[in-house]
Amino acid sequence: MLDCYGIYVKERLCFLFSAVGFFFSCVTPSATGGQPMQIYFMKKEDIPVPIATVILLVVTITYKFVLVVVGIGLWLFAGGFLAEYVAEARWVFYLGILLNVGCVILMCVVVFHPSFAKKTLILGAKLLEEERLDKIERSMNHYHEAAEFMSSHWGMIARVFVITVVQRFAMFAVTYFVYRSFGLHQYSMYDIVILQGMISVAVDMLPLPG
């Protein structure tokens, strides 16, 4: 995504940006610290804040959207698993799908209708001094340009989606390998990955990115 903006950084740095996000998400309430700290470190590498913000929003949208797709897929094609393992708490699973859908829609509006984000932020900043308000407005103008540029690169967003699908299922599969490390083999990788997907949909129901 940085390449699309003509910003070329080493893969090692991109890995570190991701590591920063995971670390600070783990040590802050509701995982709200990851994205702000990623933006901070990206700024230190001379990546403009508006571009970093749009990129991280797209990453978050695809991350949540894959979870929504997994949830809907489980709902449609794995009803037996739901009935067998989470029958009494099925409403939590459905609530997770609903809230994640709402989050994805809201973030899509912010990214792909940037004028809405700009008006909302400026309206909320009216109480600030004029100098600060002018700075926010200039920053939001850059954000608007970055968001419009991103919305014209659907092929790149599709590639990010595919990568995120692989990432999500790789994370689900970690549970299976831990299970096998204890010498257990009663359940297949399919069973455990599906169950881990259900748990993720249910637990990750309050998507609160930084």
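## Exercises on a predicted helical model

Eight aromatic pairs are found in the structure. The coordinates come from a predicted model, so let us work through them with that in mind.

**Exercise 1. Classify the ring pair W75 and Y94, and say which parts of the chain the pair ties together.**

*Solution.* Start with the two quantities needed: a pair of aromatic rings is described by the distance of the centres and the angle of the planes. For W75 and Y94 the centres are 6.0 Å apart and the planes stand at 65 degrees. Pairing requires centres within 6.5 Å, and planes over 60 degrees apart count as edge-to-face, so W75 and Y94 form an edge-to-face pair. Next, place the residues: W75 belongs to helix α3 (residues 49-77) and Y94 to helix α5 (residues 90-112), so the pair ties together parts that are 19 residues apart in sequence. Finally, look at the surroundings. Ring pairs also bring in F93, giving a cluster of W75, F93 and Y94.

**Exercise 2. Are W75 and Y94 buried, partly exposed or exposed?**

*Solution.* The class "partly exposed" lies between the 20% and 50% limits. W75 has 47% relative accessibility, so W75 is partly exposed. Y94, at 31%, is partly exposed as well.

**Exercise 3. Treat the pair Y176 and F177 in the same way.**

*Solution.* The ring centres of Y176 and F177 are 5.5 Å apart, with planes at 70 degrees, so this pair is edge-to-face too. Now take each partner in turn. Y176 has a relative accessible area of 12%, so Y176 is buried. F177 reaches 52%, so F177 is exposed.

**Exercise 4. Which ring does the charged end of R168 sit over?**

*Solution.* Look at Y63: the charged end of R168 sits over the Y63 ring, at 3.7 Å from the ring centre.

**Exercise 5. Check the length of helix α9 (residues 189-203) and find what its buried residues pack against.**

*Solution.* Count first: α9 has 15 residues. The expected span is 1.5 Å times one less than the number of residues, so α9 should span 21 Å. The end C-alpha atoms of α9 are 21 Å apart, in agreement with that value. Then list the buried residues of α9, which include D191, I192, V193 and I194. Buried residues of this helix pack against α3, α4 (79-85), α5 and α8 (154-181).

**Exercise 6. Describe Q35 and V110, each with a partner elsewhere in the sequence.**

*Solution.* Q35 is part of helix α2. With a relative accessible area of 17%, Q35 is buried. Its side chain and that of T60 are joined by a polar contact of 3.5 Å. V110 sits in helix α5 and, at 21%, is partly exposed. V110 and A147 are separated by 37 residues in sequence, while their C-alpha atoms are 8.9 Å apart in space.

**Exercise 7. What is notable about the phi of D46, and where is D46 placed?**

*Solution.* D46 is not a glycine, yet its phi is positive, at about 65 degrees. This residue is in the loop between α2 and α3. Its relative accessibility of 68% makes D46 exposed.

**Exercise 8. In which helices is confidence lowest and highest?**

*Solution.* Begin with the whole chain: the mean pLDDT is 82, and 86% of residues reach 70 or more. Then compare the elements. Confidence is lowest in helix α6 (residues 114-124), with a mean of 68, and highest in helix α2 (residues 34-44), at 93. One caution to finish: where pLDDT is low, the predicted coordinates should not be read in detail.

Technical notes:
Residues are numbered from 1 along each chain as its sequence is written. This is a predicted model: local features need pLDDT of at least 70, side-chain atom pairs count only at pLDDT 80 or more; totals for chains, interfaces and linings use all residues. Side-chain values use heavy atoms; hydrogens and water are left out. Rings of Phe, Tyr and Trp (its six-membered ring) pair if their centres lie within 6.5 Å; planes under 30 degrees apart count as stacked, over 60 as edge-to-face and the rest as tilted. Helices (H or I, at least four residues) and strands (E, at least two) are DSSP runs, numbered from the N terminus. Buried means under 20% relative accessible area, exposed over 50%, partly exposed in between (1.4 Å probe, protein chains only). A charge sits over a ring if NZ of Lys or CZ of Arg is within 6 Å of the ring centre and within 35 degrees of the ring normal. pLDDT is the predictor's confidence in each residue, from 0 to 100. Contact means heavy atoms within 4.5 Å. A polar contact is a pair of N or O atoms within 3.5 Å; within protein, one must be able to donate a hydrogen and the other to accept it, and residues adjacent in sequence count only if both atoms are side-chain atoms.
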